[in-house]
Amino acid sequence: MFTPPDLPYPYNALEPHIDEETMKIHHDKHHAAYVQNLNDALKDFPELAGKEAEELIASLEAIPEEIRTKVRNQGGGHVNHSLFWTIMSPAKSLLKAGDLMESLNKTFGGFETFQEKFSSSAIGRFGSGWAWLVKTDSGLEITDTPNQDNPVSSGKTPILGLDVWEHAYYLKYQNSRADYIKAWWNVVDWPQVERLFKS
Ligand code: MN
């Protein structure tokens with residue numbers, strides 16, 4: 001049985017960029033619902049018990065067909081949000097010189113260009129979904145996915161993810177996804193992203 005992880009900071013810790021009410025609903029209602037629905041989907045499939053959620057969505061073709069879509073959506077929801085909470089922090093951080101900075105510079109031509117491209121990808125994701133910075137066999141890549149799909153299902157390892165479902169920003173930013181994205185950069189936990197890059 002999966003359980004939602006606790007937030008690593010108080011609900012109001014990311015204010016003013018992400019408001020307390022949004023964090024409460026997002027974590028306690030939305031994330032909890034993905035976990036509940038994932039557990040419901042798996043309850044008659046003891047052969048899948050004991051697997052990590054990441055393992056389930058990394059090999060969707062191995063999931064019995066009758067629950068594959070549920071595992072994809074609800075398992076993805078659980079994995080995506082579990083990452084999302086940890087790559088944000090109230091302690092404002094900057095990416096320091098190091099391997100990740102070097103790789104971003106090499107791939108995108110500079111940190112600011114990377115941020116612009118990532119933001120464009122997040123703004124351009126039509127409907128609900130996520131923008132990602134992923135590790136691939138050949139280096140770093142920006143990508144985006146619909147719904148709760150996770151790049152791990154395509155063999156890529158996310159090290160940064162941005163939730164652009166309206167539930168992530170609508171209370172504070174209404175229809176302005178671009179303003180939410182701009183504010184979100186202030187709460188990215190770069191030391192954590194760097195740890196994921198190196199792991
Ligand atoms: Mn969400």
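## Starting from Ile57

At 2% relative accessibility, Ile57 counts as buried, because the cut-off for that label is under 20%. This residue belongs to helix H2, which covers residues 53–58. The model here is a predicted one, and Ile57 is a handy place to start walking around in it.

What does Ile57 touch, once neighbours within four places in sequence are left aside? The contacts are Val71, Gly75, Gly76 and Val79, together with Asn150, Val152 and Ser153. Asp149 is worth a look too: its C-alpha atom is 8.6 Å from that of Ile57, although the two positions lie 92 residues apart along the chain, counted as a separation.

## Ser153, on the other side of that contact

Turn to Ser153 and you are in the loop between S2 and S3. Is this residue buried, exposed or partly exposed? Ser153 is partly exposed, at 35% relative accessibility, whereas its partner Ile57 is buried.

The C-alpha atoms of Ser153 and Ile57 are separated by 5.8 Å, with the residues 96 apart along the chain. Not counting residues up to four places away in sequence, Ser153 touches Ile57, Ala58 and Leu60.

## The overall layout

Now zoom out. The protein has eight helices and three strands. Read from the N terminus, the order is α-α-α-α-α-β-β-β-α-α-α.

How does the radius of gyration fit with a compact globule? For 199 residues, such a globule would come out near 16 Å, and the protein has 17 Å, so the two agree. Along the principal axes, the C-alpha atoms fill a box of roughly 50 × 40 × 30 Å.

## Inside, outside and charge

Buried residues account for 50% of the 199 in the protein. As for contacts with a separation of 6 or more, 66% of them involve residues 24 or more positions apart; the Ile57 and Ser153 contact, at 96 residues apart, is one of that kind.

On the outside, the protein exposes about 10,000 Å², and carbon and sulfur atoms supply 50% of that area. There are 19 positive and 28 negative charges, and their mean positions are 3 Å apart.

## The manganese site

Which protein residues hold the manganese ion? The donors are His26 (NE2), His81 (NE2), Asp163 (OD) and His167 (NE2), and they lie 1.9 to 2.1 Å from the ion. Along the chain, these donors follow the spacing H-x54-H-x81-D-x3-H. His81 sits in helix H3 (residues 65–86) and Asp163 in strand S3 (residues 157–163), so this pair ties together parts that are 82 residues apart in sequence.

Are those two donors buried or exposed? His81 is buried, with a relative accessible area of 0%. Asp163 is buried as well, also with 0%.

## Lys70, in helix H3

Helix H3 also holds Lys70. Lys70 counts as partly exposed at 47% relative accessibility, while His81 is buried.

Leaving aside neighbours within four places in sequence, Lys70 is in contact with Ala41 and Gly75. Gly75 also turns up among the contacts of Ile57. The C-alpha atoms of Lys70 and Tyr34 are separated by 9.6 Å, and these residues are 36 apart along the chain.

## Backbone oddities

A bit of background first: most residues other than glycine have a negative phi, and most peptide bonds are trans. Which peptide bond is cis here? The one from Glu15 to Pro16, with omega near 0°. Pro16 lies in the segment before helix H1 (20–42).

Then there are the positive phi values. Asn147 is not a glycine, yet its phi is near 55°. You will find Asn147 in the loop between strand S2 (139–146) and S3, the loop that also contains Ser153. Asn147 is partly exposed, with a relative accessible area of 40%.

Gln174 is another non-glycine residue with a positive phi, of about 45°. Where does Gln174 lie? This residue is in the loop between helix H6 (170–173) and helix H7 (177–184). Gln174 is partly exposed, with a relative accessible area of 39%.

Technical notes
Residues are numbered from 1 along each chain as its sequence is written. This is a predicted model: local features need pLDDT of at least 70, side-chain atom pairs count only at pLDDT 80 or more; totals for chains, interfaces and linings use all residues. Side-chain values use heavy atoms; hydrogens and water are left out. Helices (H or I, at least four residues) and strands (E, at least two) are DSSP runs, numbered from the N terminus. The radius of gyration is taken over C-alpha atoms; the globule rule is 2.2 Å times the number of residues to the power 0.38. Buried means under 20% relative accessible area, exposed over 50%, partly exposed in between (1.4 Å probe, protein chains only). Contact means heavy atoms within 4.5 Å. Accessible areas come from the Shrake-Rupley method with a 1.4 Å probe; for residues, only the protein chains shown count as cover. Lys and Arg count as positive and Asp and Glu as negative; His and the chain ends are not counted. The place of a charge is taken as NZ of Lys, CZ of Arg, CG of Asp or CD of Glu. Donors are N, O and S atoms within 2.8 Å of the metal (3.2 Å for Na, K and Ca); water is not among the atoms, so sites may look incomplete.
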